[in-house]
Amino acid sequence: MRIAVFGGDGFVGWPTCLHLSNAGHEITIVDNLSRRRIDTELGVQSLTPMDSIQERLRIWKNVSGRTMRFELLDIAEEYTRVKLWLDQYRPDALIHLAQQRAAPYSMKNDRSKTYTVNNNVAATHNLLSALVELELDTHFVHLGTMGVYGYSDVGATIPEGYLDVKIPADDGTDFQRQILYPTNPNSVYHLTKCLDQLMFAFYASNDLLRITDLHQGVVWGTHTDQTRRHEQLVNRFDYDGDYGTVLNRFLIQAAVKHPLTVHGTGGQTRAFIHIQDSVRCIEIAVNNPPAHGDRPKIFNQMTETFRIRDLAKLVSDMSGVEIINLPNPRKEADENDLKVSNKQLLELGLEPVTLRVGMLEELVHVAQKYAHRIDQSKIPAQSAWTHELQSKISSVVDISTAKRKR
């Protein structure tokens, strides 16, 4: 299958490309390398050392004998080039990962909010519009987020994308139908993913595009079967307060014996998935497209849920590092349950990697191995959801910095 992976240089994109290339597909990575530029903007770097995309591709060809190509292209800003390239390449499947993916970064300031909306919304629409204009029969696979559902406790299992509802009719009877599960975005980043959903529903209905939307949980883990084949194929590992996921930050803190920082009560429940499972799920989605005329197919791409404080305890028990509570930079409930249906992927053959099994490998073979590259000043979460919360977070960070200097 000929597959274009937009955002193929990123955290999920790179191992996805390796996985699909190893399976025998023809892969072209399309990326504007913006994630690397944001590292420079924030003054951070991946914990794992990352070579250029060109060097990565050279190493992959050496170890696998397979060629992947790279196209430097900004799909949010260069619509005409996007359309011309798609017309020439004519992919069987298009995997769309080319979006600013960090909720904290999307709330950092007005510039990052604007960038997130302009980049994410325009990128998605440009791809959809180009497929329609070129009349391409390309399966569009998008990596979304569980965050479109929000993190409120409704006391019921969240279905995969669609909700059965009854609407009272004027004659007193009930009209039954399925609607997209009501969205409840928690950040500007999540807001853009909610807008994606509406665009997908429109283009599937109006232009019969075949679309799959993967609502993914928090991804953890660094290595997949393919990245282990050579040290220079290693995936990126973000640990900073903007891009580092909660488990990554706990593991980094454990590696340098820094207290594990739980924001708020730690009663927030999140959905998780290992990076190896993430790439397998994307492959499953690519191989199981919806039919022409079908509404977008939606998968909940997650394997297990944890409260943040329970996750911290797992890492603490493993490492012996204490847990401390700090103010929460996010505007969210102190406590929430999260029950999610993911039966479609399980029925299609997914066998999950669990946190309790895989976390020790991350601590020993990644966090501790590269601990000398950790900049502890970048670990605290400093991007807050409101000005009021920002003042609380800044005061805590200032106190913490002063203690380290002493």
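The following legends describe close-up views of salt bridges and of one sheet in a predicted model.

**Figure 1. A salt bridge between strands β1 and β2 joins Arg-2 and Glu-26.** The closest N and O atoms of Glu-26 and Arg-2 are 3.4 Å apart. Arg-2 belongs to strand β1 (residues 2-6) and Glu-26 to strand β2 (residues 26-31), so the pair ties together parts that lie 24 residues apart in sequence. Glu-26 is partly exposed, at 32% relative accessibility, and Arg-2 is likewise partly exposed, with a relative accessible area of 30%. The structure holds 24 salt bridges, this pair being one of them.

**Figure 2. Asp-87 and Arg-90 form a salt bridge.** The N to O distance between the two side chains is 2.7 Å. Asp-87 has a relative accessibility of 36% and counts as partly exposed. Arg-90, with a relative accessible area of 40%, is also partly exposed. Side chains of opposite charge can pair when their charged atoms come close.

**Figure 3. Helix α10 carries a salt bridge between Lys-313 and Asp-317.** Both residues lie within helix α10 (residues 308-319), where a spacing of 4 residues corresponds to about one turn of the helix. Their side chains meet at 2.8 Å, N to O. Asp-317 is exposed, with a relative accessible area of 53%, whereas Lys-313 is partly exposed at 47%. The two residues fall into separate classes because exposed means over 50% relative accessible area.

**Figure 4. Five residues are linked in a network of salt bridges.** The arginine members of the network are Arg-35, Arg-101 and Arg-236. Asp-39 and Asp-238 are the aspartate members.

**Figure 5. Strands β9, β11 and β13 form an open sheet.** The 3 strands follow the order β9-β11-β13, and their pairing is mixed. Strands β9 (218-220) and β13 (304-307) stand at the edges with a single partner strand each, so one side of each has no neighbour in the sheet. From one strand to the next, the twist averages 45°.

**Figure 6. Strands β9 and β11 pair in the parallel sense, and helices pack on the sheet.** The pairing of β9 with β11 (residues 269-274) extends over 3 bridges. Within this pairing, Val-218 stands opposite Phe-272 of β11. Helix α9 (residues 275-287) packs on the sheet and touches β9 and β11, its direction making about 75° with that of β11. Helix α12 (residues 355-367) also packs on the sheet, touching β9, β11 and β13. The direction of helix α12 makes about 55° with that of β9.

Technical notes: Residues numbered from 1 in each chain as written. Predicted model: local features only at pLDDT ≥ 70, side-chain atom pairs only at ≥ 80, totals over all residues. Heavy atoms only, no water. Salt bridge = Lys/Arg side-chain N within 4 Å of Asp/Glu carboxyl O. Helix = DSSP H or I, 4+ residues; strand = E, 2+ residues; numbered from the N terminus. Buried < 20%, exposed > 50% of the residue type's maximum accessible area, 1.4 Å probe, protein only. Pairing = 2+ DSSP bridges. Axes fitted to C-alpha atoms, helices over the stretch in contact; angles between N-to-C directions. Contact = heavy atoms within 4.5 Å.
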